[in-house]
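Here's a quick tour of a protein model, starting with how far to trust it and ending with one residue worth a look. Have the viewer open as you read.

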Amino acid sequence: MSEGAAGTTRLPEWLETLLSTRFFLACGAHPASPRNECNMFCLDCPSPSPPFCYYCRSHRHQSHRVIQIRRSSYHDVVRVTEVEDVLDISGVQTYVINSAKVLFLNERPQPRGAGAAAGKAAASPYNCQICARALLDPFRFCSLGCKLVDTKTGGRGATVQPGDATNDDAAAAGGSSKNGGARPQGRRRKGIPQRAPFGS
C-alpha cells in the first residue's frame, strides 16, 4: 500500500488475492511428500497466483519474491520481516509468536463469554477501527484485511462499535432473550451427575 499520484494509496495487485487465498491444503503435485502443505505465496507471479508448497518453491519460484504463511490459533499470519519492504503495514497490530513479529492476514472472531480473552477484550482501551476487535497496543487495525477495507473506502470503512452485535455475532451467541435461547455465561455443567447403579 504505497502512495501514488495525487496522494491516493495504491494497493499491490497481489494483496487481495493473498487475503482471500486458502492456505495449508495438501499440494496436488507432491501428495506423498512430508512438507506438502501449500503455505507459500508468490509476489511476482501474475495474479491470481495459487499457493504452493516447499517443493514447488524450489522448482518454480526459485528467483521470485515469496512469503511463507504460518498458523497461529488456526488463523493465518505472516512475519513482519517478510512483508514490511513490499507493503505498508503501519497501523496494524503486531504480535510476537515464536520470537518473531507477525501480522494476522484477516479479521478474527471476537472473544465471547466470560473467559480470560473476553475479559482482556473488555479491559482494552484500543479497538480496531473496522471490526472493533480489542487490540493490545495503540494500533488502528487488527489485521491486514481490516487495513485493506479502510484503504479501499478512503478511511470510511464500516466500523462496528465495541459491544455492538452483528448478525453473525447474534447467530453465534445462540439466539436472543426473546426466544429464551441465551446461553448462561461462564462454565456450564454437562448434566446432572448420576451414580452408577449397584450390580446385583
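## Where to be careful

Start at the N-terminal end: residues 2–7 have a pLDDT that stays under 50, and the model gives them six contacts beyond four places in sequence. Another stretch with pLDDT below 50 covers residues 162–184, with 15 contacts in the model beyond near neighbours in sequence. Where pLDDT is low, the predicted coordinates shouldn't be read in detail.

Keep in mind that this whole thing is a predicted model. Taken over the protein, the pLDDT averages 77, and 69% of the residues score at least 70.

## The big picture

The protein has 200 residues, and 32% of them count as buried. Its secondary structure comes to six helices and nine strands.

How much of the contact network links residues far apart in sequence? Counting contacts with a separation of 6 or more, 47% are between residues 24 or more positions apart. As for the outside, the protein exposes about 13100 Å², with carbon and sulfur atoms supplying 50% of that area.

## The five-stranded sheet

Five of the strands make an open sheet, and walking across it you meet them in the order E3-E4-E5-E7-E6. The pairing is antiparallel. At the edges sit strand E3 (40–42) and strand E6 (95–97), each pairing on one side only. Ignoring direction, neighbouring strands of this sheet are turned by 45 degrees against each other on average.

Now zoom in on the E6 edge. Strand E6 is joined to strand E7 (residues 100–104) by three bridges, and the two run antiparallel. Look across from Tyr95 and you'll find Val102 in E7 standing opposite.

## Phe41, at the other edge

Over on strand E3 you'll find Phe41. Is this residue buried or exposed? Its relative accessible area is just 1%, and anything under 20% counts as buried, so Phe41 is buried.

What does Phe41 touch, leaving aside residues up to four places away in sequence? Going up the numbering, the partners are Trp14, Thr17, Leu18, Thr21 and Phe23, then Ser49 and Phe52, and finally Arg65, Val66 and Ile67. Gln68 is another residue to check from here: Phe41 and Gln68 are 27 residues apart in sequence, yet their C-alpha atoms are 6.4 Å apart in space.

So, to put Phe41 in context: this buried residue lies in strand E3, an edge strand that pairs on one side only.

Notes. Residues numbered from 1 in each chain as written. Predicted model: local features only at pLDDT ≥ 70, side-chain atom pairs only at ≥ 80, totals over all residues. Heavy atoms only, no water. pLDDT = per-residue confidence, 0-100. Contact = heavy atoms within 4.5 Å. Helix = DSSP H or I, 4+ residues; strand = E, 2+ residues; numbered from the N terminus. Buried < 20%, exposed > 50% of the residue type's maximum accessible area, 1.4 Å probe, protein only. Areas by Shrake-Rupley, 256 points an atom, 1.4 Å probe, with all protein chains shown as cover. Pairing = 2+ DSSP bridges. Axes fitted to C-alpha atoms, helices over the stretch in contact; angles between N-to-C directions.
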